[in-house]
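Ready for a few exercises? Have the sequence and the model at hand, try each task yourself, and then walk through the solution.

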Amino acid sequence: VGHLHDDGTLTVSASTMVGCPLKCSFCSMGNVTSRPLSSGQIVGQILAVSANCQPIALREVRFDVSGDPMFNWSAVEEAIRQLSPEFSRPRVLVCSAMPTSKFYSDVFKLGRELENLDFQASVHASSDTDRAFRFVEDRILSIAQIDAIGKDWLMATGRRCSFNYALNGRNSGWKDAIRLYRSLPIWAWTVQLTPTYVSNPSRAIAEKGLMA
């Protein structure tokens with residue numbers, strides 16, 4: 001997927017899997033049988049979009065479409081390494097819903113090597129209970145665990161981690177803002193706010209038996 005900015009530069013969003021093992025309430029990819037893409041398939045998407053948009057300069061490569069990159073990190077890391085010699089200047093952003101994974105330390109290591117690599121957590125809720133409404137999958141990290149990873153990223157790279165927060169009527173009050181301010185402090189984190197994109201916010205609640 002390519003996005004052309006007003007300044008004429010291009011952002012490419014790449015998939016890391018077909019489907020996704022996470023069943024997020026805001027994403028239909030959880031309804032698709034998941035399988036990982038190879039590093040060559042991941043790189044091929046980015047090169048194809050970039051080639052079709054020449055001579056537009058590439059601003060950013062994002063891993064944020066289909067599949068959480070932490071479920072296929074080995075292929076994602078190899079894809080980033082393959083792309084680095086050709087795309088050394090554009091920002092590379094790894095976006096994750098933060099499932100449990102043994103690969104976060106590998107992300108930190110790669111971040112130390114590549115100054116243009118950034119990491120973003122899709123938090124979308126200010127408490128673990130509300131996060132469970134968004135993410136059906138039980139293997140997601142708590143906000144405290146996410147904060148620890150963000151601080152480890154900062155120590156490893158010298159760059160702040162970012163988190164994406166999708167605003168809706170459920171999660172946009174002052175209590176939510178204060179809770180996030182305390183849980184994900186601004187000295188370690190930057191925040192990106194987006195409009196809500198939850199198509200069926202009750203689905204995750206129903207599937208986990210958490211109906212109020």
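**Exercise 1. Decide whether Leu114 is buried or exposed, then describe its surroundings.**

Leu114 has a relative accessibility of 17%. The cut-off for buried is under 20%, so Leu114 counts as buried. Keep in mind throughout that this is a predicted model.

Next, place the residue: Leu114 sits in the loop between H3 and E7. Helix H3 covers residues 104-113 and strand E7 residues 117-122.

Now look for partners. Setting aside neighbours within four places in sequence, Leu114 is in contact with Ile80, Ser84 and Arg159. For a distance to check on screen, take Leu114 and Val92: their C-alpha atoms are 9.2 Å apart, while 22 residues separate them in sequence.

**Exercise 2. Find the residues with the most contacts inside the largest nonpolar core, and trace the contacts of Ile80.**

Start with the core itself. The largest nonpolar core has 44 residues, and Phe63, Ile80 and Phe119 are those with the most contacts inside it.

Then follow Ile80. Not counting residues up to four places away in sequence, Ile80 touches Phe63, Trp73, Val92, Val94, Leu110, Leu114 and Leu117. Leu114 from the previous exercise turns up again in that list.

Finally, look beyond this core. Another core lies apart from it and has seven residues, including Cys20, Cys24, Ala97 and Ile140.

**Exercise 3. Work out how helices H2 and H3 are oriented to one another, and which residues meet between them.**

Take the geometry to begin with. H2 (residues 73-83) packs against H3 at an angle of about 5°, and the two axes are 11 Å apart. Angles under 35 degrees count as roughly parallel, so H2 is roughly parallel to H3.

Now the residues. On the H2 side are Trp73, Glu77, Ile80 and Arg81; they meet Asp106, Val107, Leu110 and Glu113 in H3.

Last, ask what is hidden in H2. The buried residues there are Trp73, Ala75, Val76, Glu77, Ala79, Ile80 and Leu83. Their cover includes helix H1 (39-52), strands E5 (58-63) and E6 (91-96), as well as H3 and E7.

**Exercise 4. Count the aromatic pairs and describe the geometry of two of them.**

The count comes to three aromatic pairs. One of them joins Tyr104 and Phe119, with 6.3 Å from centre to centre and 75° between the planes, which is edge-to-face. This pair bridges distant parts of the chain, since Tyr104 belongs to helix H3 and Phe119 to strand E7, 15 residues apart. Tyr104 and Phe119 are both buried.

Phe163 and Trp189 give a second edge-to-face example, at 6.0 Å centre to centre and 70° between the planes. Here too the link is between distant parts of the chain: Phe163 is in strand E8 (residues 161-167), Trp189 in strand E9 (residues 189-195), and they are 26 residues apart. Both Phe163 and Trp189 are buried.

To finish, look for a cluster: Tyr104, Phe119 and Trp153 form one.

**Exercise 5. Place Met98 and His124 in the chain, and say what is notable about their phi angles.**

Met98 lies in the loop between E6 and H3. Its phi is positive, about 65°, although Met98 is not a glycine. With a relative accessibility of 0%, Met98 counts as buried.

His124 is in the loop between E7 and helix H4 (128-134). This residue is not a glycine either, and its phi is positive, near 65°. At a relative accessible area of 1%, His124 is buried.

**Exercise 6. Identify the polar partner of the Ser13 side chain.**

Ser13 belongs to strand E2 (residues 10-14). Its relative accessible area is 15%, so Ser13 is buried. The partner is Asp64: the two side chains make a polar contact at 3.1 Å.

**Exercise 7. Step back and summarise the protein chain as a whole.**

Count the elements to start: there are seven helices and nine strands. Then take burial: of the 212 residues, 52% are buried. End with the contacts: among those with a separation of 6 or more, 78% are between residues 24 or more positions apart.

Conventions
Residues numbered from 1 in each chain as written. Predicted model: local features only at pLDDT ≥ 70, side-chain atom pairs only at ≥ 80, totals over all residues. Heavy atoms only, no water. Phe/Tyr/Trp six-rings, centres within 6.5 Å; stacked < 30°, edge-to-face > 60°. Helix = DSSP H or I, 4+ residues; strand = E, 2+ residues; numbered from the N terminus. Buried < 20%, exposed > 50% of the residue type's maximum accessible area, 1.4 Å probe, protein only. Polar contact = N/O pair within 3.5 Å; in protein donor to acceptor, adjacent residues only side chain to side chain. Core = buried A, V, L, I, M, F, W, Y, C linked by side-chain atoms within 4.5 Å. Contact = heavy atoms within 4.5 Å. Axes fitted to C-alpha atoms, helices over the stretch in contact; angles between N-to-C directions. Parallel < 35°, antiparallel > 145°, perpendicular 65-115°, else oblique.
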